[in-house]
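Happy to go through this one with you, label by label. For each term, let's ask what earns it.

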Amino acid sequence: MKKKKVNLRDLEPKEHQGEHSHDDGHNHSSPEDISNFRTYLPAIFSFLMLIIGIAVDYFDTFPFFEGWVRVVWYTVAYIPVGFPVIREGWNSIKNGDFFTEFFLMSIATLGAFAIGEYPEGVAVMLFYAVGELFQNAAVNRAKRNIKALLDVRPNEALVYRENDFVSVNPETLEIGEKIQVRVGEKVPLDGILISEKGSFNTAALTGESKPDTIAKGDTVFAGSINLDGVIEIETTKEFKDSSIARILDMVQNATARKSKTELFIRKFARIYTPIVVFLAIGLTLLPYFFVDDYVFRDWLYRALIFLVISCPCALVISIPLGYFGGLGAASRNGILFKGASFLDAMTKVNTVVMDKTGTVTKGVFKIKEINSITFEEAEFMKYLMAMEEQSTHPIAKAILEYKADGSEFEATNVSEVAGKGLKGTVNGKTVLVGNKALMTSNNIKVPSETDGIVESIVMVSIDEKFAGYVTIADELKDDAHQAIKQIRDAGISKIIMLSGDKDSITQQVAKELNIDWAKGGLLPEDKLNEVEELKKQPDTKVAFIGDGINDAPVLAASGVGIAMGGLGSDVAIETADVIIQTDQPSKIARAIQIGRSTRNIVWQNIGLAFGVKVIVLILGACGLATMWEAVFADVGVALLAILNAVRLQKMKWKDS
């Protein structure tokens, strides 16, 4: 069967005109059509005609209801539900695809008419049409879940042009323009907050319901909803490059990467369908040579039942729907899988390798400890802060977050000592701020206790005497400990940390988190080599979690590459297979759970479809099953499979 990628941007009926070419091999209507009474009208009309016809046949109260009148009545009942299927089968044949479920349904029902089983012929097509409606409703529900979560693209933007804010299409905005966002409106493009502060609902981007409050100069992402006051933003990306546009594109194209199970079913159906057609022909003709009381009509009826049962509808419907449901469920949990294949791959992972900075830590320096020797802490920090005000280093920024009024302390004659720190004068006192090398080169004696400190350390001397030190460290994310525990509870046998940070710091973080093995001081190529070595080990399936540009090569090489999507670099996000939108490492275990639940649903459906079909096929071949059992084995099983797949949309996963 011809296939086409599902595109969430285009849910209109035009998808279904002409050649039938959908992932599941069926003709899906749009949500608007499903909600429209006219969509149900053909099935309702055929149902009423069928019921009336059966009632007249059963009670035999209308003598005229026989011969050509009866044929015309059931033909009229058949056309509304049968003609679309026959048309799809004919279109498939014209495109060189003979053995589709449409072809099977058409010859089975037309054959039923040929042997006078008119009610059963109509019933098969009617139940098939009802199954289609259920299927469409389920697929569209999954689409709406993803679309409601992600399609938060604003339709207009207020941009400052010619001394006034004017409404324009967001796609026309350029980088560096000033835009205004009112309360309740969506941010149209990524940018920098110009206003003093802002509060945003980022649930569509991160899955988190807690409002995100940011300060002037911080990044605001497109798709966020402004919750408090009118704000102004300076755009930093074009509309097509915004965070929400990238996320939408990834989800919309997710089904393009088919899972191995889905590809197997597609190949299987192309072989399976012609086999059952020829078996049906054999079931009709071969008994003539072996059965004494051979009746062509009886064996043709059995063959037609065989054909109806053998339709692979339940498989071609439920498997893509199962994966689509898994993708939607993951999106609602703040996890984006770039394809169904990665839902499968996630279930096979047994080794998790992770970066440190930005993955399990916040990637932001904070003061961990202040040790003042010759001054009170507050006074000591005023000297240090006066010097650090002259620096743009990230460590200086962390120190300046200390709460102290140092307005009376002013640094002068500040100079940078390359690779060592700063030298200057504060309120008439000579102050040195930097590392141990700076102290040693100026003959300042450093306490031995500092030798065992693995964190970044800033030493201070005042008037040629060691005054104290401050340790600076990257904070662990709030859920870092929980994440490691949940990953282990999910059955992951080995957790490894590879970092470009100092090995001593990497080892300390790994020990605190109870990680099995860690290595620091690595360049990007070193990380890649380590992961390649792991992949060479038998039965090892590696997932790598990172966030920086330097992690991109490893993300690409891993069995599953997982990127932190909030603070992660664009390169890492584009390279990865899975995006954690919330930057929470605890979502990794959730991704594994969703992948396993999806796999279980898919294989349950495969088992259900094959099991029931085999039983009823045998009964049909032996003459023990009628068209009604055949309808259940085909459409009934498909409906059960759909209902099973829909469970993913409502499923809840408990934290381990």
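## Why the labels fit

Q: Are Phe65 and Tyr74 buried or exposed?
A: Both Phe65 and Tyr74 are buried. One thing to keep in mind throughout is that this is a predicted model.

Q: What makes Phe65 and Tyr74 an aromatic pair, and what makes the pair edge-to-face?
A: The ring centres of Phe65 and Tyr74 are 6.1 Å apart, and a pair needs centres within 6.5 Å. The planes meet at 65°, and over 60 counts as edge-to-face, so both labels hold. The whole structure has 10 aromatic pairs. Ring pairs also link Phe65 and Tyr74 with Trp73, Tyr78, Phe113 and Tyr118 in a cluster.

Q: What does Tyr74 touch, not counting residues up to four places away in sequence?
A: Its contacts are Leu50, Gly53, Ile54, Asp57, Phe65, Phe113, Tyr118, Pro119 and Val122. Each is called a contact because heavy atoms lie within 4.5 Å.

Q: Which residues have the most contacts inside the largest nonpolar core?
A: They are Tyr74, Val122 and Ile309, in a core of 50 residues. The elements giving two or more residues to this core are H2, H3, H4, H5, H8, H9, H20 and H21. Helix H9 provides the largest share, 10 residues. Another core, of 49 residues, lies apart from it and includes Leu327, Ile505, Ala591 and Ile606. As background, nonpolar side chains in soluble globular proteins tend to be buried together.

Q: Why is Ser597 called buried?
A: Its relative accessible area is 12%, and buried means under 20%, so Ser597 qualifies. Ser597 sits in helix H20, residues 587–621. Leaving aside neighbours within four places in sequence, Ser597 is in contact with Leu648, Met651 and Trp653.

Q: Why is Tyr40 called partly exposed?
A: The relative accessible area of Tyr40 is 31%. That value falls between the 20% limit for buried and the 50% limit for exposed, so the middle label applies. Tyr40 belongs to helix H2, which spans residues 37–59.

Q: Which residues form a nonpolar patch on the surface with Tyr40?
A: Its partners are Ile44, Phe47, Leu48, Ile51 and Ile52. Together with Tyr40 they have about 510 Å² of accessible area. Patch members need over 30% relative accessible area, and Tyr40 has 31%.

Q: What makes the phi of Asn427 worth pointing out?
A: Phi of Asn427 is near 50°, a positive value in a residue other than glycine. Most residues other than glycine have a negative phi. Asn427 lies in the loop between strands S14 and S15. With a relative accessible area of 41%, Asn427 is partly exposed.

Q: Where is Asp539, and why is it called exposed?
A: Asp539 is in the loop between helix H17 and strand S20. Its relative accessible area is 70%, and exposed means over 50%, so the label follows. Asp539 also has a positive phi, about 60°, although it is not a glycine.

Q: How do you know that Lys348 is partly exposed?
A: Lys348 has a relative accessible area of 47%, which is between 20% and 50%, so neither buried nor exposed would fit. Lys348 is in helix H11, residues 340–348. The C-alpha atoms of Lys348 and Ala543 are separated by 9.6 Å, with their positions 195 residues apart along the chain.

Methods: Residues numbered from 1 in each chain as written. Predicted model: local features only at pLDDT ≥ 70, side-chain atom pairs only at ≥ 80, totals over all residues. Heavy atoms only, no water. Patch = residues over 30% accessible without salt bridge, like charges linked within 9 Å, V, L, I, M, F, W, Y side chains within 5 Å. Areas by Shrake-Rupley, 256 points an atom, 1.4 Å probe, with all protein chains shown as cover. Salt bridge = Lys/Arg side-chain N within 4 Å of Asp/Glu carboxyl O. Helix = DSSP H or I, 4+ residues; strand = E, 2+ residues; numbered from the N terminus. Buried < 20%, exposed > 50% of the residue type's maximum accessible area, 1.4 Å probe, protein only. Core = buried A, V, L, I, M, F, W, Y, C linked by side-chain atoms within 4.5 Å. Phe/Tyr/Trp six-rings, centres within 6.5 Å; stacked < 30°, edge-to-face > 60°.
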